[in-house]
Amino acid sequence: MFRNNYDNDSVTFSPQGRIFQVEYALEAIKQGSVAVGLVSKTHAVLVALKRNAEELGSYQKKIIGIDTHLGVALAGLAPDARVLSNFMRQQSMSSRLLYNRPVPISRVVNAIANKAQVNTQHYGRRPYGVGLLVAGVDETGPHLWEFQPSGMVLEYKGAAIGARSQSARTYLERAFEEFVDSNREELVLHGLKALRDSLAQDKELTTANTTVSVVGIGENFKLYDGDEVGEWLEKLGNVQSSRGGRTGEEAVESMDTSE
């Protein structure tokens with residue numbers, strides 16, 4: 001089952017200098033459903049595609065509120081995301097208690113990065129199998145960060161993680177210059193268009209499988225779910241994927257159970 005003798009734990013480097021368990025964690029992210037984040041001068045937006053394990057089951061939560069100015073979208077293992085989101089809540093509460101101010105986005109992101117990187121230094125631990133898009137607003141304005149299991153964090157103007165996220169990233173790369181001056185509604189629509197581009201063939205965005213969150217300067221973090229997403233989808237118009245044939249990546253995605 002193992003690829004070789006170098007992937008039994010997360011502290012053993014291969015002769016090429018690779019840590020295979022970290023790479024396996026990154027693969028778990030690639031099999032999760034898509035999450036997209038983008039920022040303008042005034043707002044940060046997260047949109048995500050929810051997945052249900054079966055028709056009779058409910059859709060799993062993809063966006064988690066951390067504080068009134070901060071939230072995260074996940075792709076990968078939801079239990080690991082819950083552990084990290086609880087840790088971020090502790091950091092946020094500590095900042096309000098000790099300094100009487102919301103925690104800066106870069107500080108809380110670097111805190112979870114350090115926590116994740118420790119798992120690659122101590123025997124008996126494993127990397128977190130989840131990727132996060134962290135969106136929030138602090139004294140310096142709106143921010144969007146991407147967290148990876150290796151402990152690497154990077155700030156983006158627009159980012160996408162999860163299965164078929166390359167299609168969403170292609171849209172973001174093509175339109176990112178418009179994000180800066182976009183208003184709240186335009187930014188959400190850009191996010192939904194990127195999410196739509198990542199859909200599998202004959203799939204479409206619905207109020208059941210789409211979730212949106214918005215946070216801005218002077219506006220608290222708010223999650224739109226269920227029927228609340230309907231108004232955004234109406235403004236979007238075409239909610240169905242325009243993709244052609246089924247690719248190998250889509251076939252893998254249809255069989256996985258990650259969030």
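This note sets out how the strands and two of the helices are arranged in a predicted model.

1. The sheet. Five strands form an open sheet, and their order across it is β3-β4-β5-β6-β7. The pairing is antiparallel. At the edges lie β3 (63–67) and β7 (153–155), each of which pairs on one side only. From one strand to the next, the twist averages 25 degrees.

2. A pair within the sheet. Strand β5 (residues 130–138) and strand β6 (residues 141–147) run antiparallel and are joined by seven bridges. One residue pair may be located by the reader in the structure: Asp138 has Gly141, in β6, as its bridge partner.

3. The helix on the sheet. Helix α2 packs on the sheet, where it touches β3, β4 (70–76), β5 and β6. The direction of α2 makes about 15 degrees with that of β3.

4. The two helices. Helix α2 (residues 78–99) also packs with helix α3 (residues 105–118); the angle is about 135 degrees and the axes are 10 Å apart. Because of this angle, α2 is oblique to α3. The crossing of the two helices, α2 and α3, is right-handed.

5. The residues between the helices. On the side of α2, the contact is made by Leu84, Phe87, Met88, Gln91 and Tyr99. On the side of α3, Arg107, Val108, Ala111, Ile112 and Lys115 take part. Sorted by class, the contact of α2 with α3 comprises seven nonpolar residues, one polar residue and two charged residues.

Key
Residues numbered from 1 in each chain as written. Predicted model: local features only at pLDDT ≥ 70, side-chain atom pairs only at ≥ 80, totals over all residues. Heavy atoms only, no water. Axes fitted to C-alpha atoms, helices over the stretch in contact; angles between N-to-C directions. Helix = DSSP H or I, 4+ residues; strand = E, 2+ residues; numbered from the N terminus. Parallel < 35°, antiparallel > 145°, perpendicular 65-115°, else oblique. Left-handed = near helix turned anticlockwise from the far one by under 90°. Contact = heavy atoms within 4.5 Å. Nonpolar A, V, L, I, M, F, W, Y, C, P; charged D, E, K, R; others polar. Pairing = 2+ DSSP bridges.
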